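Thanks for coming, everyone. Please bring the model up on your screens, and we will walk through it together.

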Amino acid sequence: AQYLAAKALKKQSWRFHTKYMMWFQRHEEPKTITDEFEQVSSLPTGVPVAGTYIYFDYEKWGQRKKEGFTFEYRYLEDRDLQ
């Protein structure tokens, strides 16, 4: 059952964060994507600005918004669920 739930979430562009043990989905498309992370934009000075993501709060059993978040790829669960 967990495998099927994870597969369905991935099809809807949800991604599992292994540090926080939660599912995240982009609230907006990132402006900066590197091999290590993704961020929504940067200030004119070049300082990165973290983005807004939707995450599933399993304790309250609902979706919540997380602002100012940088999604580091080292915490991305990237197993193929085909």
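Let me start with a question: which residue in strand 2 does Arg15 stand opposite? The partner is Phe24. Keep both residues in mind, because each will come back. A word of caution before that: this is a predicted model.

Now the sheet. Strands of a sheet pair through backbone hydrogen bonds, either parallel or antiparallel. Here, 4 strands form an open sheet, and the pairing is antiparallel. The order across the sheet is 1-2-7-8. At the edges sit strand 1, residues 15-17, and strand 8, residues 62-69. Each of these edge strands pairs on one side only. From one strand to the next, the twist averages 40 degrees.

Let's cross the sheet in that order. Strand 1 is joined to strand 2, residues 22-26, by 3 bridges. The two run antiparallel. Next comes strand 2 with strand 7, again antiparallel, over 3 bridges. Look for Gln25 here: Ile54 of strand 7 stands opposite. Then strand 7 pairs with strand 8 over 6 bridges, also in the antiparallel sense. In that pairing, Phe56 faces Gln63 of strand 8.

Strands 7 and 8 also form a hairpin, with 4 residues between them. Check Trp61 in the turn: its phi is positive, at about 55 degrees.

Why is strand 7 described as largely enclosed by the rest of the structure? Strand 7 covers residues 51-57, and 6 of its 7 residues are buried, so the description follows.

On to the aromatic rings. A pair of aromatic rings is described by the distance of the centres and the angle of the planes. The count for this model is 10 aromatic pairs. Take Phe24 and Tyr53. Their ring centres are 6.4 Å apart and their planes meet at 80 degrees. Over 60 degrees counts as edge-to-face, so this pair is edge-to-face. Phe24 belongs to strand 2 and Tyr53 to strand 7, so the pair ties together parts that are 29 residues apart in sequence. Are these two buried or exposed? Phe24 is buried, at 1% relative accessible area. Tyr53 counts as buried too, at 3%.

Phe24 has another ring partner, Phe71. The centres of these rings are 6.0 Å apart and the planes are at 90 degrees, so this pair is edge-to-face as well. It links distant parts of the chain: Phe24 is in strand 2 and Phe71 is in strand 9, residues 71-72. They are 47 residues apart. Phe71 is buried, with a relative accessible area of 0%.

Now step back to the group. Tyr20, Phe24, Tyr53, Tyr55, Phe69 and Phe71 form one aromatic cluster. And here Arg15 returns. Arg15 lies over the face of Phe71, 4.8 Å from the ring centre.

What about the nonpolar cores? In soluble globular proteins, nonpolar side chains tend to be buried together. In this model, the largest nonpolar core has 6 residues: Met22, Phe24, Tyr53, Tyr55, Phe69 and Phe71. Strand 2 and strand 7 are the elements that give two or more residues to this core. Another core, of 5 residues, lies apart from it. Trp14, Phe16, Trp23 and Ile54 are among its members.

Last topic: charges. Side chains of opposite charge can pair when their charged atoms come close. How many salt bridges does a search of the whole structure find? The search finds 2.

One of them joins Asp57 to Arg64, with the closest N and O atoms 3.2 Å apart. Asp57 counts as buried, at 6% relative accessibility. Arg64 counts as partly exposed, at 38%.

Glu72 and Arg74 also meet through their side chains in a salt bridge, at 3.0 Å from N to O. Arg74 is exposed, with a relative accessible area of 61%. Glu72 counts as partly exposed, at 28%.

To recap, then. The open sheet runs 1-2-7-8 with antiparallel pairing. Phe24 pairs edge-to-face with Tyr53 and with Phe71. Phe24 also belongs to the largest nonpolar core. Arg15 stands opposite Phe24 and lies over the face of Phe71. That is my tour, thank you.

Terms used:
Residues are numbered from 1 along each chain as its sequence is written. This is a predicted model: local features need pLDDT of at least 70, side-chain atom pairs count only at pLDDT 80 or more; totals for chains, interfaces and linings use all residues. Side-chain values use heavy atoms; hydrogens and water are left out. Two strands pair if DSSP finds at least two bridges between them. Axes are lines fitted to C-alpha atoms, for helices over the stretch in contact, and angles run from 0 to 180 degrees between N-to-C directions. Buried means under 20% relative accessible area, exposed over 50%, partly exposed in between (1.4 Å probe, protein chains only). Rings of Phe, Tyr and Trp (its six-membered ring) pair if their centres lie within 6.5 Å; planes under 30 degrees apart count as stacked, over 60 as edge-to-face and the rest as tilted. A charge sits over a ring if NZ of Lys or CZ of Arg is within 6 Å of the ring centre and within 35 degrees of the ring normal. A salt bridge is a side-chain nitrogen of Lys or Arg within 4 Å of a carboxyl oxygen of Asp or Glu. A nonpolar core is a set of buried Ala, Val, Leu, Ile, Met, Phe, Trp, Tyr and Cys residues joined through side-chain atoms within 4.5 Å.
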